[in-house]
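Grab a coffee and open the model in your viewer. Below are some short exercises, each with a worked solution to check yourself against.

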Amino acid sequence: MKNKPETETIERAAPWLPPRQTVTLTINETEMQLQLEPWTSLLDLLREHLHLTGTKKGCDHGQCGACTILLDGKRINSCLTLAVMHDGSDITTIEGLAKGEELHPVQQAFIDHDAFQCGYCTPGQICSTIGLINEGKAKTLDDIRDLMSGNICRCGAYSNIVKVVQEALERSKAK
Amino acid sequence: MRTDYIGKPTNRVDGRLKVTGGAKYAAEFHVPGLLYGYVVSSEIARGNIAEIDTNEALQLEGVLQVLTHENRPPSAWFDKSYQDEDSPPGSPFRPLYNSEIQFSQQPIALVVAETFEAARYGATLVKVVYEEAPHTTDLKANRAQAYTPKKYKSTPPPDSRGDVDAAFASAAVKVEQEYTHPSEHHNPMEMHASTAIWEEDGTLTVYDKTQSVKNSQNYISQIFGLSSKEALVISPFVGGAFGSGLRPQYQLFLAVMAALEMKRSVRVVLTRQQMFSFGHRPATVQHFQLGCAADGTLQAVRQEAFAETSKFEDYSENVVVWPNTLYKSENAAFDHKLISLDVYTPLDMRAPGGSTGLFALESAMDELAAAAGIDPVELRLKNYTEEDQSNNAPFSSKELRECYRQGAERFGWHKRNPEARSMKEGHQLIGWGMATGAWEAKQQQASAKALLTPDGKLTVSSATADIGTGTYTVMTQIAAEALGLPLEDVTFKLGDSALPEAPLEGGSWTVSSVGSAVKQVCDSVGEKLLKLARKVENSPFATASFEEVTFADGELRLKSDASKALAVTRILQEREVNAIEEEVTSKPASEQKNYAPYSHSAAFVEVKVDEDLGTIKVTRVVSAIAGGRIINTKTAKSQILGGVVWGIGMALEEESLMDNTFGRFMNHNLAEYHVPVNADIPDIDVIFVEEHDDIVNPLGAKGLGEIGIVGVAPAIANAVYHATGKRIRELPITLDKVM
């Protein structure tokens, strides 16, 4: 007969916190060295540690797109990734798009087309629009609607958002 | 410079803040030393907490406190202290009050820690032993227990008239059916959050997600015995609400309790899962009888609603009032019963009662039209009513006929083949459906303050909210036009409990109520300016009355001769006035009581249904709206677009699925609770029909937050019938139901 496994006799350890790690990130063109616990999501780093609250939390599960940011130019859900995984990365959030007083053309187009109401999904929609243009995959109106479907807008501004994306796509083609 | 802003498409004045990330929502205010509260939710739907062990959580580094019913600081005892402006009759839920569990996901503990992650981890370490009791969560299985509430939260069912049984029995054409829709959740993009800042003098500044800072302030004041100076509530931006912020939600209670207990600043943000734990559109079954003569004249209307409520409050909404508002009938009977379940109390959700009642009424009318062989628009025109039969009051204005006419024309309705399943494009069955919408256009009492300084800058304020509706923008437009000032020189402030009283931001009444107060307060500033102007040397206004002058392009002018003018800034400077400050309370005029104020709409929809797969796609929508005077055609259109999107969600997607075994909404996340995404939304054509109304309020504007949704779901259901020949009476209309 086997002995009882040893683990049963070991008392359950007290809950512990993970040790911090050093990470270097460039956020909106500013390089910063951060001491981070590995369980901190990129989204929580932005919002709670750096107070860059323009990036929104709408579900924390990658289901709504409100936390979309640009990581090395690509759009990602910042809630679905841990900050420590991105040592050396270049991150652009909604706060980093305008050049001083001058808005990014996509930001201005969101205002002109009234492509938002409450404004909560808007930073994600704007970053997603820029990411979509960078991807170069969208060709048709249906493509736009499909490829913008990761960003939920509960206020229902979709038809105006589509106008912004169409405009941005045409602008990028003209370049 | 042109300062006539009303009726013009105007960009949102808060647009720049919203596109740059500068707009701050309730969870985004930071102070050093801020603590994080994470809510532990009940895993059972009814019973008791036998044991709650917080030791392990408290051992975690960074966790400072775990508040439960066992160790919470004292709060108010009495039910009435927990009542708020939107409470239904009954006993409001009291968080952490005792060991009783009244609904699944009930908050049972708050873990407070130095970081969000530690609080979240700590919450998983709280050990709870429950004593489960049997729960009841199935609406249909409990229909026999339906009861008439002692008191309705809503308008009580209208009186019956005539003899419905006899008229229905002898009617040439009849429809008798039941229509059902499930529970739905608001799911604004921003999750409910409160940040309670503990100030050095022991007072609290609370940033809360709410549709009424005053309501939140009164709630915490009553419960925690704080004066209005000891607890300020601030809410400059709200990331959508749709009714979810009409009542103070439990994160507010918990954040304030924790801040008072710990004498520290505390933030509590709910998770998306917890957004399914307070308030929803109640699942409702409606029984309808409609009978008409062969020519379509309605002879009998019976509507009975069976709606869910909680065991502790009797929630009801205006489900059975709509037939009286829309269609003439000599015989009618209405009833509205409740079925109490072990769920949280339902909560007003965009067009509460209207979305529900009109889905059933407008589906039944479509069935009647099909049975009588009459065009659906014709049937509605045939029974058009010029008065609200609930109180025999004439409408303050009603351009619904124009909605039908312009909507049908834009849509191309005359090309519709009335036969169901008659229009096809390859494998796609094409269906065209329409429905009517109506919503109340109420004015409530509201106050506003205005401050005009010699540099020509005007600040107007009221404790209302902007939940995305455009309040900041339209109030700025109204104020700027009233005093003829450039938009850039006018600031509108809201969302601060120290500002003048405003009603809850809901019911589509904000423009009507707060807008009227803004207009009135600016007019009183204008009268003061005129008095000052009369004293200016060689004043052209020496004998002018207020009716004889106007403000435009930065000037006070004589209406009869625009060249007789004085700049507003010059009047103030010449008279050496430091500022003009006025505050008013605007009340609805008494003559409004003699009229029925409603906005109306007609929705026309095209759907394509895949013959083989049953997939349904809305491909075209025309929504014609009679909403009185439109203040801002740009934001107004957005309101209607949003309403249409909500109608599409209601018709085809949204359903909070109750797992009756556990008494829990099982799809409590945005992956499984489907709301429309970009790919679901087609081109939407919005028409604002011209409508003049001097009665509804001084602005003649009716409010647009809800009229956009109400007709859309039934129009889609009717289009699906027209496409497939299948009448789906249970929302949402999913592919399995049409196959």
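**Exercise 1. Work out what share of chain B is buried, and how chain B is built overall.**

Solution. Keep in mind that this is a predicted model. Start with burial: a residue counts as buried if 20 or more other C-beta atoms lie within 10 Å of its own. By that count, 61% of the 739 residues of chain B are buried.

Next, look at the elements. Chain B holds 17 helices and 30 strands. Its radius of gyration is 27 Å, close to the 27 Å from the globule rule for 739 residues, so chain B is as compact as a globular protein of that length. Along the principal axes, the C-alpha atoms of chain B fill a box of roughly 80 × 75 × 50 Å.

Finally, check the contacts. Take those in chain B between residues at least 6 apart in sequence: 83% of them join residues at least 24 apart.

**Exercise 2. Find the partners of strand S26 (residues 598-610) of chain B, and say how enclosed this strand is.**

Solution. Begin with burial again. In S26(B), 12 of the 13 residues are buried, so the strand is largely enclosed by the rest of the structure.

Now go to one partner. Strand S18 (residues 428-440) of chain B pairs with S26(B) in the antiparallel sense, over 13 bridges. To get your bearings, find B:Gly437, which sits opposite B:Ser601 of S26(B).

Then take strand S27 (residues 616-626) of chain B. It runs antiparallel to S26(B), and 10 bridges join the two. B:Ser601 turns up here as well, opposite B:Ile625 of S27(B).

Last, follow the chain round the hairpin of S26(B) and S27(B). Five residues lie between the strands, and B:Gly614 takes a positive phi near 75°.

**Exercise 3. Locate the hammerhead domain that UniProt lists for chain B, then describe its span.**

Solution. The unreviewed UniProt entry puts "domain: Aldehyde oxidase/xanthine dehydrogenase a/b hammerhead" at residues 20-134 of chain B. Over that span, helix makes up 13% and strand 30%, with the end C-alpha atoms 51 Å apart.

**Exercise 4. Trace the open sheet S4-S2-S6 of chain B and pick out its edges.**

Solution. Three strands make this sheet, in the order S4-S2-S6, with antiparallel pairing. Strand S4 (100-101) and strand S6 (127-132) of chain B are at the edges with a single partner strand each, so one side of each has no neighbour in the sheet.

Zoom in on the S4 side: two bridges join S4(B) to strand S2 (residues 47-53) of chain B. There, B:Asn48 stands opposite B:Glu100.

**Exercise 5. Describe the side of chain A that touches chain B, then see what covers helix H1 (residues 42-49) of chain A.**

Solution. Count up the contact: chain A puts in 51 residues and chain B 52. Several helices of chain A supply at least two residues each to its side, among them H1 and helix H5 (158-174). H5(A) gives the most, with five residues. By residue type, chain A's side splits into 25 nonpolar, 16 polar and 10 charged.

Now turn to H1(A), where seven of the eight residues are buried. Those buried residues include A:Leu42, A:Asp44 and A:Arg47. The cover comes from both chains: it includes strand S2 (30-36) of chain A and helix H3 (116-124) of chain B. Step just past H1(A) and you reach A:His51, with a positive phi of about 60°.

Technical notes:
Residues numbered from 1 in each chain as written. Chains lettered and ligands numbered in written order. Predicted model: local features only at pLDDT ≥ 70, side-chain atom pairs only at ≥ 80, totals over all residues. Helix = DSSP H or I, 4+ residues; strand = E, 2+ residues; numbered from the N terminus. Contact = placed C-beta atoms within 7 Å. Pairing = 2+ DSSP bridges. UniProt positions renumbered as here; feature names shortened; annotations may be inferred. Nonpolar A, V, L, I, M, F, W, Y, C, P; charged D, E, K, R; others polar. Rg over C-alpha atoms; globule rule 2.2 N^0.38 Å.
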